[in-house]
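How can one describe the inside of a protein in words? The report below takes up a few places in chain B, one after another.

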Amino acid sequence: MSTQPFTIEDLKRILLEGSGAAEDVDLDTDILDQEFEDLGYDSLALLETSSRIERTYGITISDSILADATTPRALVGAVNEHLAEDAAA
Amino acid sequence: MTTSVVITGLGVAAPNGLGKEDFWEATREGRSGIGPLTRFDGSGYPAKLAGEVPGFDAKEHLPSRLLPQTDRMTRLALVATDWALADAGIKPQEAEGFEMGVVTASSSGGFEFGQNELRKLWSKGSQHVSAYQSFAWFYAVNSGQISIRNGMKGPSGVLVSDQAGGLDAVAHARRQIRKGTGMIVSGSIDASVCPWGWVAQLASGRLSTVEDPARAYLPFDPRAAGHVAGEGGAMLILEQADKARRRGARIYGEVAGYGATFDPKPGSGAEPGLRKAIELALADAGTAPGDVDVVFADAAAVPELDRAEADAINTVFGPRAVAVTAPKTMTGRLYSGAAPLDLATALLAMESGLIPPSTNTEPDPALGLDLVTGDARPARVNTALVLARGHGGFNSAVLLRTAPTG
């Protein structure tokens, strides 16, 4: 359905690989607009996640983008902006 | 009057038994957990035997959120803590966070986790190092993770003094309880059976290179030639005695006395500090040497250190005057995990009226020790002294006593 190169499914996979999931959180529900904090992911988990995204997609995500993207929707959007800029450049 | 501090819960992860029941069954029957290394290929190393904790699958016990950020020692410690809390009948989520603390010991931190991340650093580059390496290797990580998992916001810390640290942590936990905290999770689990940890331990020059599991670790034996390294230990629940009694808890015993000393400068010829540590622990407990029923020895299996330990015991108690045992002959030396495991063993010995044996070793009669070998020895055990020495000069002693009633 998505034409975006980086999807919520990609993010879920990377979250699970790098940081696992909390006992009381089901990533298969609609998590797009939930805060990462409520999903059990702290700042270090997001650092690990961004580092895995950077490695996989060959991009660099700045700390400020990471700090502002407090939900999966925001992070997926930010990563796709990066990828679009790289493609245009 | 000083607050009496008691132990009300035990969580055990040992090479000869996962969980208190398995461990005690193996230990009283003299069953060893020492065998060939399986966690990595040991064929290229001089020491090829280890005491490895069997059958532990962290995924069965912990949420996947914790697995990418924990070393094996932390996983074992988290699960052993869960067991210890359950054994004590404590539900931490129902308790006040500031009333609970965590004080553990560590001798090397999360070596295996660190090894894997350093390998990635050198082979693939810094981008490939886990963000969790920032704490997963760290000495204090077990205290931190136990505290986070259980919402324990009271006094917390870690003691780093090699094998002696396991007793120093329990003593510090007792200190924090006397200052007013109701309950502290203490003890220690260590685990660095990985190539990097192995090389670090080999550097001590004290690892046995004997390849027969029945002859590799023989403390107090004329054939003693170093120790086998192991992983594991025990987590203990310490509480104010009054509080434990009020809630009707089962009390294993009281942490009645503690003493710690440091050895003199090497080569000075001065007496090692172990005797003084024993005397301090007895004095702290107000116990006479004749009242001690059993000594759990440090059991270095290095001839000079064995002699020093026998001398210290004989000077305080008299030759062959007190039963001595070293169940760690069945686990190998567990570094900071060893002494908490000995504390747990001593409490189980009190409960069952059995002193577990030291296995394989045939003690040198010249050392003058009444070492319990062969089968477990039936005995009334009201008072047990646990000794631990750390590489570099640390000596610690803890005296356990059946808790006074009322």
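What follows describes two nonpolar cores, one helix and one serine in a predicted model.

The largest nonpolar core has 46 residues, and those that touch the most other members are I7(B), L10(B), L236(B), L238(B), L343(B) and L400(B). Helix α11 of chain B, which spans residues 338–352, gives the most to this core, with 10 residues, and the core draws at least three residues from each of domain 1 (5–246) and domain 2 (257–401) of chain B. Apart from this core lies another one of 34 residues, which includes A281(B), V322(B), A326(B) and L369(B).

| Core | Residues in the core | Some of its members |
|---|---|---|
| Largest nonpolar core | 46 residues | including L236(B), L343(B) and L400(B) |
| Another core | 34 residues | including A281(B), V322(B) and L369(B) |

When residues up to four places away in sequence are not counted, L343(B) touches L167(B), V170(B), L236(B), V386(B), V398(B) and L400(B).

In helix α7 of chain B (residues 195–202), the buried residues are G197(B), W198(B) and Q201(B). Because these residues cover an arc of only 100 degrees around the axis, they lie on the same side of α7(B). The elements that cover them include β4 (49–51), α3 (111–123) and β8 (229–230) of chain B.

S358(B) sits in the loop between β13 (354–355) and β14 (370–371) of chain B. Is S358(B) buried or exposed? Its relative accessible area is 2%, so S358(B) is buried. The side chains of S358(B) and T325(B) are joined by a polar contact of 3.3 Å, and, leaving aside neighbours within four places in sequence, the residues in contact with S358(B) include A326(B), T329(B) and L371(B).

Notes. Residues numbered from 1 in each chain as written. Chains lettered and ligands numbered in written order. Predicted model: local features only at pLDDT ≥ 70, side-chain atom pairs only at ≥ 80, totals over all residues. Heavy atoms only, no water. Core = buried A, V, L, I, M, F, W, Y, C linked by side-chain atoms within 4.5 Å. Buried < 20%, exposed > 50% of the residue type's maximum accessible area, 1.4 Å probe, protein only. Helix = DSSP H or I, 4+ residues; strand = E, 2+ residues; numbered from the N terminus. Domains from an automatic or database assignment. Contact = heavy atoms within 4.5 Å. Arc of directions from axis to C-beta. Polar contact = N/O pair within 3.5 Å; in protein donor to acceptor, adjacent residues only side chain to side chain.
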